[in-house]
Structure formats: structure tokens, C-alpha cells
Amino acid sequence: MTVATKSADFVISRVFDAPRDVVWKAFTDPEHMKHWWGPKGSTVLVSKMDLRVGGSYLGSLRDASGRVMWGKFVYREIVPQQRLVWEHSFSDESGGLTRHPLAPAWPLKLLTTVTFDEPRQGQTGVTLRWSPLDASAQEQATFDAAHDGMRGGWGGSFEQLAAYLASAK
């Protein structure tokens, strides 16, 4: 079950029927991310990662309409199997920051915090928190108004992750 709460931050949680080390790899290995990352109906085209504090992830996906979008993470904190923190942005193919292709008032950077816990043996709880970084009032308002869409997008990504983890058993 996916749970989201509306607050200044966007928060969504899910429990996966897979051990924590397996779910951790799904978030920290670019080959695993290709199988589940992004909204439902999208396909990851590029997935490159330098997993270290100060390192980055650069990826692209093609959405259901055929549009290609790029994204970049810059890792701030990595605590193996417990916590990942990164700055999340839209980008171009060389990693230069860009505006959201469909929402020009979207914040340029989001702080993403993902925590991993073990509610039961063989299960992993994942909580993702998104908050705008250095956002203008308009960008914050755009972010705040998009919680339902983010819930659907992240919910779909988590559904794909659950299916991928089940198929990898």
C-alpha cells in the first residue's frame, strides 16, 4: 500500500516484499533503476551513476507520448541500506540543469530524501520526501499544487519497483 501526506514537503511511503539490500540496490545500481524508474508507461533510455557524496546520476526516459526527458541527481548523503539524500533536477543530456519541460514554474531543484527500514523480516519500508530547494513563492505554490500528481507519479514508480522486485526473486 502506498501512503502520501500533504504538507510543505511531499511524502510517500511503501512497504516492499523484498530484503533491504535488494531494494537498496534497486535505488543505487543504474542497471536496476532502468527496470522501474519513472512514471508508468515510461522507458529508461540512459542510466549512469557515480554513487558517492558529490557524485551524480544522469538519466533519461521516454514517456508514453514519446517525449524524452533528462534528470540529474547530485548525491548529498549516502548511508548504505538506510538513507539516500540527493538534489533532484531536470537536465539536458550533458547534465546541465533545465526547467521542467511541462511546468516552467516547477522548482529548479528538489531535495530528495529516501529512507529504508525493515518493518518485518524480508520486507523493506521506503519513505521518500521531496522538498523544493531555494524556491520562489511561485515555484513553491506550483510544487504545493502538484501533490496529487506526484502521488500518482511516485505511486506508479513504486508499483513498477514492486513488480520488478517480484520478478527478480
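This tour proceeds through a predicted model, one selection at a time.

**First stop: two packed helices**

Begin by selecting residues 20-28, which form helix α1, together with residues 147-167, which form helix α4. Two packed helices are described by the angle between their axes and the distance between the axes. For α1 and α4, the angle is about 125° and the axes lie 11 Å apart. An angle between 115 and 145 degrees counts as oblique, and α1 and α4 are therefore oblique to each other. The crossing of α1 past α4 is right-handed.

Next, display the side chains where these helices meet. On the α1 side, select V22, V23, A26 and F27; their counterparts in α4 are F158, L161 and L165. Sorted by class, this contact of α1 with α4 comprises seven nonpolar residues, with no polar and no charged ones.

**Second stop: a glycine in α4**

Remain on helix α4 and select G156, which lies within it. Is G156 buried or exposed? Its relative accessible area is 6%; the cut-off for buried is under 20%, so G156 counts as buried. Now add G41 to the selection. G156 and G41 are 115 residues apart along the chain, yet their C-alpha atoms are separated by 9.1 Å.

**Third stop: strand β4 and its two partners**

Select residues 56-62, the strand β4. Five of its seven residues are buried, and β4 is therefore largely enclosed by the rest of the structure.

Add strand β3, residues 43-49. How many bridges pair β3 with β4? There are six, and the pairing is antiparallel. To see one position in this pairing, select V46 and find S60 of β4 opposite. The two strands β3 and β4 make a hairpin, with six residues between them. In that turn, select G54, where phi is positive at about 90°.

Then add strand β5, residues 68-79, which pairs with β4 in the antiparallel sense over seven bridges. Here R62 may be selected with V68, its bridge partner in β5. β4 and β5 also form a hairpin, with five residues between the strands. The turn contains G66, whose phi is positive at about 100°.

**Fourth stop: the loop after β5**

Move to the loop between β5 and β6 (83-91) and select Q81. Phi of Q81 is near 60°, a positive value in a residue other than glycine. With a relative accessibility of 32%, Q81 counts as partly exposed.

**Fifth stop: strands β2 and β9**

Select residues 10-16, the strand β2. Five of the seven residues in β2 are buried, so this strand is largely enclosed by the rest of the structure. Which strand is joined to β2 by seven bridges? The partner is β9, residues 124-133, and the two run antiparallel. Select R14 to find V126 of β9 standing opposite.

**Last stop: the loop after β9**

Finally, select D134, in the loop between β9 and α3 (137-145). D134 is a residue other than glycine with a positive phi, near 50°. Is D134 buried or exposed? The relative accessible area of D134 is 78%; the cut-off for exposed is over 50%, so D134 is exposed.

Technical notes: Residues are numbered from 1 along each chain as its sequence is written. This is a predicted model: local features need pLDDT of at least 70, side-chain atom pairs count only at pLDDT 80 or more; totals for chains, interfaces and linings use all residues. Side-chain values use heavy atoms; hydrogens and water are left out. Axes are lines fitted to C-alpha atoms, for helices over the stretch in contact, and angles run from 0 to 180 degrees between N-to-C directions. Helices (H or I, at least four residues) and strands (E, at least two) are DSSP runs, numbered from the N terminus. Angles under 35 degrees count as roughly parallel, over 145 as roughly antiparallel, 65 to 115 as roughly perpendicular and the rest as oblique. A crossing is left-handed if the near helix is turned anticlockwise from the far one by less than a right angle, and right-handed if clockwise. Contact means heavy atoms within 4.5 Å. Ala, Val, Leu, Ile, Met, Phe, Trp, Tyr, Cys and Pro count as nonpolar, Asp, Glu, Lys and Arg as charged, and the others, Gly among them, as polar. Buried means under 20% relative accessible area, exposed over 50%, partly exposed in between (1.4 Å probe, protein chains only). Two strands pair if DSSP finds at least two bridges between them.
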